[in-house]
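User: I've got a structure open and I'd like to go through the labels one by one. Could you tell me what each call rests on?

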Amino acid sequence: YLNEALELDNNSLVVLMEKSYVNILIKDFNAALKCVNKVLEIDSNQLLPLLRKYYILAELNDYEASFNGFEQISKIKIENHTFIMCYYYYYGKSLACAKKYDEALCLFEEYLEKYPHFPKDDILEEKEEVLKLINK
């Protein structure tokens with residue numbers, strides 16, 4: 001379905017982002033990166049694809065680029081609660097990819113303490129995943 005939608009409009013940001021998500025789910029991180037890079041070519045001011053890109057880079061073991069990217073984003077004043085949650089979610093997952101479990105847990109805890117009224121299910125789920133990895 002997503003490929004057909006891209007045939008109709010290969011610059012559809014929504015379809016490209018959905019395709020990147022599906023590629024992440026099936027662990028095709030190179031294809032996911034290609035999709036988010038295409039989104040960023042079309043509109044470089046998009047924060048969600050940038051967050052997703054830095055997470056994907058961590059999955060591809062490019063930790064330096066990933067962490068540098070998250071550091072740059074941390075300097076931006078983000079007011080949208082969805083983007084704030086995505087920042088902590090993707091950054092925490094990236095830290096876990098690099099086996100920096102304690103840092104990931106600290107980041108998740110920081111989010112939960114700083115933003116108690118923001119959505120937390122995804123953060124709590126990732127926190128549990130990191131704890132499982134620690135206890136292996």
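What follows is a run of questions about how the calls on this predicted model were made.

User: Let's begin with the fold. How many helices and strands are there?

Analyst: The secondary structure of the protein chain comes to 8 helices and 0 strands. Read from the N terminus, the order is α-α-α-α-α-α-α-α.

User: How do you know whether the radius of gyration agrees with a compact globule?

Analyst: A compact globule with 136 residues would have a radius of gyration near 14 Å, and the protein chain has 15 Å, so the value agrees. The C-alpha trace spans about 45 × 35 × 25 Å along its principal axes. Of the 136 residues, 43% count as buried. As for contacts with a separation of 6 or more, 48% of them come from residues 24 or more positions apart.

User: What makes E126 and K93 a salt bridge?

Analyst: Their closest N and O atoms are 3.4 Å apart, and the cut-off is 4 Å between a Lys or Arg side-chain nitrogen and an Asp or Glu carboxyl oxygen, so the pair qualifies. E126 sits in helix α8 (residues 121-134) and K93 in helix α6 (residues 81-97), so this pair links distant parts of the chain, 33 residues apart. E126 and K93 are both buried.

User: And why is K127 with E109 called a salt bridge?

Analyst: The closest N and O atoms of K127 and E109 are 2.1 Å apart, and the limit is 4 Å, so the pair counts. K127 lies in helix α8 and E109 in helix α7 (residues 101-114), so the pair ties together parts that are 18 residues apart in sequence.

User: Are K127 and E109 buried, partly exposed or exposed, and what decides it?

Analyst: K127 has 19% relative accessibility, and buried means under 20%, so K127 counts as buried. E109 has 27%, which falls between the 20% and 50% limits, so E109 counts as partly exposed.

User: Which residue pairs with E129 in a salt bridge, and how far apart are the two in helix α8?

Analyst: E129 forms a salt bridge with K132, with 3.4 Å between the closest N and O atoms. The two are 3 residues apart in helix α8, so about one helical turn separates them. E129 itself counts as partly exposed because its relative accessibility is 36%. A search of the whole structure finds 3 salt bridges.

User: There are cysteines here too. Why does C86 have no disulfide?

Analyst: The closest cysteine sulfur to that of C86 is in C97, 16 Å away, and a disulfide needs the sulfurs within 2.5 Å, so that is too far for a bond. The sulfur of C106 also has its closest cysteine sulfur in C97, at 17 Å, so that one is too far as well. The structure holds 0 disulfides.

User: What puts C86 and C106 in their exposure classes?

Analyst: C86 is at 11% relative accessibility, so it counts as buried. C106 has a relative accessible area of 54%, and exposed means over 50%, so C106 is exposed.

User: Why is S94 called buried?

Analyst: S94 has a relative accessible area of 0%, and the limit for buried is under 20%, so S94 is buried. S94 lies in helix α6. Leaving aside neighbours within four places in sequence, S94 is in contact with Y54, Y55, A58, S66, F67 and F70.

User: On the outside, which residues make the nonpolar surface patch?

Analyst: Y21, V22, L25 and I26 make a nonpolar surface patch of about 390 Å². I26 is in the loop between α2 (13-25) and α3 (29-42). With 57% relative accessibility against a limit of over 50%, I26 counts as exposed.

User: What is noted about the phi angles of K27 and N61?

Analyst: K27 has a positive phi of about 65 degrees although it is not a glycine. Phi of N61 is near 70 degrees, again a positive value in a residue other than glycine. K27 is in the loop between α2 and α3, while N61 is in the loop between α4 (47-59) and α5 (63-74). K27 is exposed, with a relative accessible area of 62%, and N61 counts as exposed at 53% relative accessibility.

Note on methods:
Residues are numbered from 1 along each chain as its sequence is written. This is a predicted model: local features need pLDDT of at least 70, side-chain atom pairs count only at pLDDT 80 or more; totals for chains, interfaces and linings use all residues. Side-chain values use heavy atoms; hydrogens and water are left out. Helices (H or I, at least four residues) and strands (E, at least two) are DSSP runs, numbered from the N terminus. Buried means under 20% relative accessible area, exposed over 50%, partly exposed in between (1.4 Å probe, protein chains only). Patches are made of residues with over 30% relative accessible area and no salt bridge: like charges are joined within 9 Å, nonpolar side chains (Val, Leu, Ile, Met, Phe, Trp, Tyr) within 5 Å. Accessible areas come from the Shrake-Rupley method with a 1.4 Å probe; for residues, only the protein chains shown count as cover. Contact means heavy atoms within 4.5 Å. The radius of gyration is taken over C-alpha atoms; the globule rule is 2.2 Å times the number of residues to the power 0.38.
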